[in-house]
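Visitor: Please take me through this model, starting with how far the predictor trusts its own answer.

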Amino acid sequence: MIIFLSCIILFLIGLYAIVTKRNLIKIVIGFALIEYAVNLLFALVGFRFGMLAPIITRVDAPHRFVDPIPQALVLTAIVIALGTTALMLTVALRIYDRYKTFDIGEIRKLKG
Amino acid sequence: MTFIPLFFAIPLAAAFIIPILGKIAKSLIWIFVTLVSFSLFVLALYGTAVTQQYPMIVYEMGNWPPPLGIVMAFDSLSAFMVLVISVVVFAGSIFSLRYMSHYTGQWKFYTLYMLITAGMMGVSITGDLFNMFVFLEIAAISSYALVAFGVDAEELEASFKYMVMGEVGGLTFLLSIALLYAKTSTLNLADMANTLQMVGHTPFFWLVVGMLLFAFSIKAAFVPFHSWLPDAHPAAPAPISSLLSGIFIKVLGIYTTARLVFNVFGLSRANDPVFFNVLIGLGVLSIVFAGVTALSQRDYKRLLGYSSVSQVGYIMLGFGIGNYYGVAGAIFYILAHALGKGLLFLTSGSVVNATGTRDLTKLAGLGEKMSTTAWSFRFGGMSLIGLPPLVGFFAKYLIVLGALKSGFWWLAILAIALSVLTLAYLLKIENNVFMKKGRAQASKAPFTMRIAMVFLVVLIILFGIGFQQVIDFLVGPAANALLRGIEYANLVFGSAGTNF
Amino acid sequence: MKGMSLIVRSITTVIIGFIFIYGIYIILHGHLTPGGGFAGGVIVAGALILRILAFGSEPADEKKSENRASMFESIGALLFIGIAVAGLVFAGTFFLNFVPKGTPLNLLSAGIIPYCNIAIGIKVGAGLFSIFLSLAAIKYVIKD
């Protein structure tokens, strides 16, 4: 139970970074933390003590595997996270190009 | 029914053919995209016709039966969503030809346009929770890139803001999938509905429901999670604003909420009044707050953005009322608002294309110069306000009827009274842009833009006049598909294994 | 982008081929051992990125390789969709594993999965490389 809770705590730390940090790059790091938290939770959800990694090495061997589905899901989620992180960094760099700052306090052309 | 995977396979394949086509013949891209979106429209019409006969078509990907493999569960609601998506996508693709002609890197635009279409189509027809997340993220990531497409300072800022909010929503959705998987050991929506029924309404269940409601409220931009929308939707190119406001927020925010709440969690007005009151609260808050804020806007598209937040509130109100008329009204409103707001954003694109500004104080005298645009705006606006015999009237009428049937007479009065708010902010555009006399240096909108706008005007009138048919063939079956509750699960397992 | 020191360049010359082949191995053995299209594609992209980092390149060359990378990315995606649609065309179901399965634990087994891995490998390798190149291209924009 504690390991599950620690994932939630990691999630909240990431959320804290996103909400309070004023630097665009630190916000992206906050997202990375959230993604790690969720992926870790997925991997833990499928984990069973004393069981093997879900790889078939011999066809006739008896298999006692951990749940492989969350691992597949984590892989997909990592790919999606890669896409968003790359896009976020690109946009952050472009913003730096336009505003010459990473501080969200100074990036305010939109209002109303 | 072998046509079901084509709904996302065609736009997905088109998205990756476009970069190659762009190297060979640039001028063919637009024709290709328009043909693809037209074929999707025809396919959606066919799908709607088929669902009249079969209430649920289950397509097993790779012949894996439901609890094991990913299935596509295509019922009346999916058919309805797919039809609305394809209409807006088709109008937007026609409109794009001249609007996008002065942007560089057009093939990137059309690639993202097709990806966003594929994502929305996938969300509407999938019967698997994680698959829904993947399609949702495909659509969302494409929309972040499209909002920043102009790479001006404001557009980048809007895109980053949108990305931060949208990803918090997306990752919360992912976290709740993890929690649901931990509890039920399944990702199939139908199987999950059955398992959750055995789990019962524990505090854990309500935690997950709350997290999902939070995630989808961000995606659908309900007040108080709306702050990204009035920045992001105006920043995008006009066909994309039309797509995002018209259908994107409804597929990613409202369709997903409705599908999970009714068909998977099996909540109903009778058993869980508190939850449905929360939905009504979100709806009313959105209508009032965003409507009042819209009154003070000076930017054409930003005003329409706030208007979207406000109108989406009506849809949530309908779902919150939760009886047949309320749900049918909400679904009808999805259609009405997709056509109406899609059209209004296209007129804004036409105005921006002609004058180069969106500032309401600087625009004047376009009513005579751009008569097609002006009349399209008037028809779209009248439909949103709810004047008969346009499509918006019948949608609002059903919601009001639903409120009265459930005894929420104050909600019925509120829904009618708040139409005045819609009238007020739309009149602001009408007065400033089209009615006010002034010297305007503008020429008529290009032919393709007018075609796109007239197409939507015709649909608004047609669906309004033929409202009885719309209710009988589109909205009614879709509402019944939702109100079926967790019977959905039996239907999915009952229809599985056929693959036709 | 400027290149790196002589030491880095010499070592890169020696190992870059091995990294590339290792990536291809991970892709081709994706259905037998841990790894697969995504992991192998990342390694292949790593080899390509290492080459640029170590030896440097001109902006014009980067633009050209970005175009080529995005072309390969589209081809990879189309291959993947093509495999899925081939199931629909030849056997009647989208994504059907219609290729003979072969004996388990052999290189030629598991039906369409190795082919899917190859398509994903091309897509991911080219995609990551073009992400790197576009992030690198922003540097020039900012400097001006």
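**Confidence, pairing and packing**

Guide: Among the elements of chain A, α3(A) has the lowest mean pLDDT, 89, and helix α2 (residues 24-45) of chain A has the highest, 91, where pLDDT is the predictor's confidence in each residue, from 0 to 100. This is a predicted model, in which local features need pLDDT of at least 70, side-chain atom pairs count only at pLDDT 80 or more, and totals for chains, interfaces and linings use all residues. Residues are numbered from 1 along each chain as its sequence is written, while chains are lettered from A and ligands numbered from 1 in the order in which they are written.

Visitor: And what is the mean pLDDT of chain A, and of chain C?

Guide: For chain A the mean is 86, with 95% of its residues at 70 or more, and for chain C the mean is 85, with 96% of its residues at 70 or more. Within chain C, α4(C) has the lowest mean of the elements, 84, and helix α1 (residues 6-28) has the highest, 91. The scores for the model are ipTM 0.93 and pTM 0.94.

Visitor: Moving to chain B, which strand does β1(B) pair with, and in what sense?

Guide: Strand β1 (residues 56-60) of chain B pairs with strand β2 (residues 71-75) of chain B in the antiparallel sense, over 5 bridges; pairing requires that DSSP find at least two bridges between the strands. Helices (H or I, at least four residues) and strands (E, at least two) are DSSP runs, numbered from the N terminus. In this pairing, Tyr59(B) stands opposite Met72(B), and Glu60(B) stands opposite Val71(B).

Visitor: Why is β1(B) described as largely enclosed?

Guide: Because 5 of the 5 residues of β1(B) are buried, the strand is largely enclosed by the rest of the structure. A residue counts as buried if 20 or more other C-beta atoms, placed from the backbone, lie within 10 Å of its own, as exposed if 12 or fewer do, and as partly exposed in between. In β1(B), Met56(B), Val58(B) and Glu60(B) point one way and Ile57(B) and Tyr59(B) the other, and all are buried. β2(B) is mostly covered, with 5 of its 5 residues buried; there Val71(B), Ala73(B) and Asp75(B) point one way, and Met72(B) and Phe74(B) the other.

Visitor: OK, helices now. At roughly what angle do α5(B) and α6(B) cross?

Guide: Helix α5 (residues 129-147) and helix α6 (residues 153-184) of chain B cross at roughly 175°, and their axes come within 9 Å. Those axes are lines fitted to C-alpha atoms, for helices over the stretch in contact, and the angles run from 0 to 180 degrees between N-to-C directions. The two helices are therefore roughly antiparallel to each other, on a scale where under 35 degrees is roughly parallel, over 145 roughly antiparallel, 65 to 115 roughly perpendicular and the rest oblique. Among the residues making the contact are Phe133(B) and Tyr144(B) of α5(B), and Gly166(B) and Phe173(B) of α6(B). Contact here means that the C-beta atoms of two residues, placed from the backbone, lie within 7 Å.

Visitor: What about the loop between them: is Ala148(B) buried or exposed?

Guide: Ala148(B), in the loop between α5 and α6 of chain B, counts as buried because it has 25 C-beta neighbours inside 10 Å. Apart from neighbours within four places in sequence, Ala148(B) is in contact with Val91(A), Glu155(B), Leu156(B) and Ser159(B).

Visitor: So a residue of chain A turns up there. How many residues does each of chains A and B put into their contact?

Guide: Chain B contributes 28 residues and chain A contributes 30. On the chain B side, the largest share, 17 residues, comes from α6(B), and by class that side has 20 nonpolar, 2 polar and 6 charged residues.

Visitor: And how do α3(A) and α5(B) pack?

Guide: Helix α3 (residues 68-99) of chain A and α5(B) pack at about 10°, with their axes 11 Å apart, and are therefore roughly parallel to each other. Residues that meet there include Leu73(A), Ile80(A) and Leu87(A) in α3(A), and Phe130(B), Ile141(B) and Tyr144(B) in α5(B).

Visitor: Last one: how many residues of chain C touch chain A?

Guide: There are 11 residues of chain C in contact with 11 of chain A. On the chain C side, helix α4 (residues 113-143) supplies the largest share, 6 residues.

Note on methods
Nonpolar A, V, L, I, M, F, W, Y, C, P; charged D, E, K, R; others polar.
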